[in-house]
Amino acid sequence: MNDNMNNNMNDNLMKDVYMSVYGFIRQIENQCNIAVPMDIKILCFLHSKELLFVAFKLAQLQQEIEIEEHAINERVEMVEAELQEAKPAVVAAQKAVANINRQQIHEIRSWQRPSRPVEMTLNAVALLRNKKIRNWSGMQRFMAARDFIPSILKFDTNLIRARQRAKVQNQYLSNEDFTFERVNKASKCAGLLVLWVQAQVNFSRLLDSVEPMTKEINVLKAILEAKKHEADVLNKKLNEFQAP
């Protein structure tokens, strides 16, 4: 139905333009007492038709751009609302980890063997960081790295794969000993790392749940940019028509 309405509008506009151009040519012929050559008349009509097409297409694109920008903004707000549940916990955990100092790390590294809650925590951190740690000496080297804490603070949750998340969930988060209270009792430093692991896994799960809409938003943005480019081209052409 909308296509029929657009076609009717186009036909009516064309009739109006042709009548205006015809009237303008007749006015020149009467006032100047001359006959405008047929090839000039045809050129005037063709020029008017192209001008009308450009103006109509530009108006149509501008309307589509406005509608699509509104649709994108709505979807972005929906995604942000979903992620807002977990974001504060991630930020809080990062701030907590930022308070861990080298002395606390050194203290854990100096242990002959960590307690079970601390060992689980460090293994979970290594798993999320995609590090393969085979034994305690390997974990000590992992913790000795100068970027151990900075890399946790700059960690990108998007890097967590579903496989990693499931492994952390099954091996650690589902364990009754893997709680802030129990781990924190064994080590204040490891207790803060537990909060980080929990927050990252929860946020990663949410990111996966909104991924289809995020992909849709990216597709819509690409289409929108293409239409904006086309609108710019038509706008320049329209300005050329209107230039003296």
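1. Taking the rings first, the count of aromatic pairs in this structure, which is a predicted model, comes to three. One of them is formed by Phe155 and Trp196, which meet edge-to-face, with 5.3 Å from centre to centre and 70° between the planes. This pair links distant parts of the chain, since Phe155 sits in the loop between helix H7 (148-153) and helix H8 (162-173) while Trp196 belongs to helix H10, 41 residues apart. Phe155 and Trp196 are both buried. Another pair joins Tyr172 and Phe178, whose ring centres are 6.1 Å apart and whose planes stand at 40°, so that this pair is classed as tilted. Tyr172 has a relative accessible area of 9% and is therefore buried, and Phe178, at 2%, counts as buried as well.

2. On the overall architecture, the protein contains 11 helices and zero strands, and its elements from the N terminus onward are accordingly α-α-α-α-α-α-α-α-α-α-α. Of the 244 residues, 32% are buried. The accessible surface amounts to about 15800 Å², and carbon and sulfur atoms account for 53% of that surface. Where contacts join residues at least 6 apart in sequence, 78% of them are between residues at least 24 apart.

3. The largest nonpolar core comprises 53 residues, and the members with the most contacts inside it are Ile100, Leu122, Val168, Phe178, Trp196 and Val197. Helix H10 gives the most to this core, contributing 12 residues. Val197, which lies in helix H10, has a relative accessible area of 0% and is therefore buried. Apart from residues up to four places away in sequence, Val197 touches Ala124, Val125, Leu128, Val168, Leu173 and Phe178. The C-alpha atoms of Val197 and Leu128 are 7.9 Å apart in space, although the two residues are 69 residues apart in sequence. Val168, with neighbours within four places in sequence again set aside, is in contact with Ala124, Leu127, Leu128, Leu173, Val197 and Val201.

4. Two residues with polar side chains deserve a look alongside this core. Thr121, in helix H5, counts as buried because its relative accessibility is 0%. A polar atom of the Thr121 side chain lies 2.8 Å from the backbone oxygen of Pro117. Beyond its neighbours within four places in sequence, Thr121 is in contact with Phe178, Val183, Ala190, Leu193 and Val194. Ser204, located in helix H10 (residues 188-209), is buried because its relative accessible area is 1%. The side chains of Ser204 and Arg165 make a polar contact at 2.9 Å, and Arg165 also appears with Thr157 and Ile160 among the residues in contact with Ser204 once neighbours within four places in sequence are left aside.

5. Regarding charged pairs, side chains of opposite charge can pair when their charged atoms come close, and the structure holds nine salt bridges. In one of these, the closest N and O atoms of Lys227 and Glu68 are 2.6 Å apart. The pair links distant parts of the chain, with Lys227 in helix H11 (residues 211-242) and Glu68 in helix H2 (residues 38-83), 159 residues apart. Lys227 and Glu68 are both buried, and together with Glu64 they are linked in a network of salt bridges.

6. Salt bridges also involve residues with more solvent access than the buried cut-off of under 20% allows. The side chains of Arg113 and Glu119 form one such bridge, at 3.0 Å from N to O, and Arg113 counts as exposed because its relative accessibility is 53%. Arg182 forms a salt bridge with Asp177, with the closest N and O atoms 2.6 Å apart. Arg182 is partly exposed, given its relative accessible area of 43%, and Asp177, at 26%, is likewise partly exposed.

7. A last point concerns the backbone at Asn130, in the loop between helix H5 (116-128) and helix H6 (136-144). Most residues other than glycine have a negative phi. Asn130, however, has a positive phi of about 60° although it is not a glycine. With a relative accessibility of 57%, Asn130 counts as exposed.

Definitions and conventions
Residues are numbered from 1 along each chain as its sequence is written. This is a predicted model: local features need pLDDT of at least 70, side-chain atom pairs count only at pLDDT 80 or more; totals for chains, interfaces and linings use all residues. Side-chain values use heavy atoms; hydrogens and water are left out. Helices (H or I, at least four residues) and strands (E, at least two) are DSSP runs, numbered from the N terminus. Buried means under 20% relative accessible area, exposed over 50%, partly exposed in between (1.4 Å probe, protein chains only). A polar contact is a pair of N or O atoms within 3.5 Å; within protein, one must be able to donate a hydrogen and the other to accept it, and residues adjacent in sequence count only if both atoms are side-chain atoms. Contact means heavy atoms within 4.5 Å. Accessible areas come from the Shrake-Rupley method with a 1.4 Å probe; for residues, only the protein chains shown count as cover. Rings of Phe, Tyr and Trp (its six-membered ring) pair if their centres lie within 6.5 Å; planes under 30 degrees apart count as stacked, over 60 as edge-to-face and the rest as tilted. A nonpolar core is a set of buried Ala, Val, Leu, Ile, Met, Phe, Trp, Tyr and Cys residues joined through side-chain atoms within 4.5 Å. A salt bridge is a side-chain nitrogen of Lys or Arg within 4 Å of a carboxyl oxygen of Asp or Glu.
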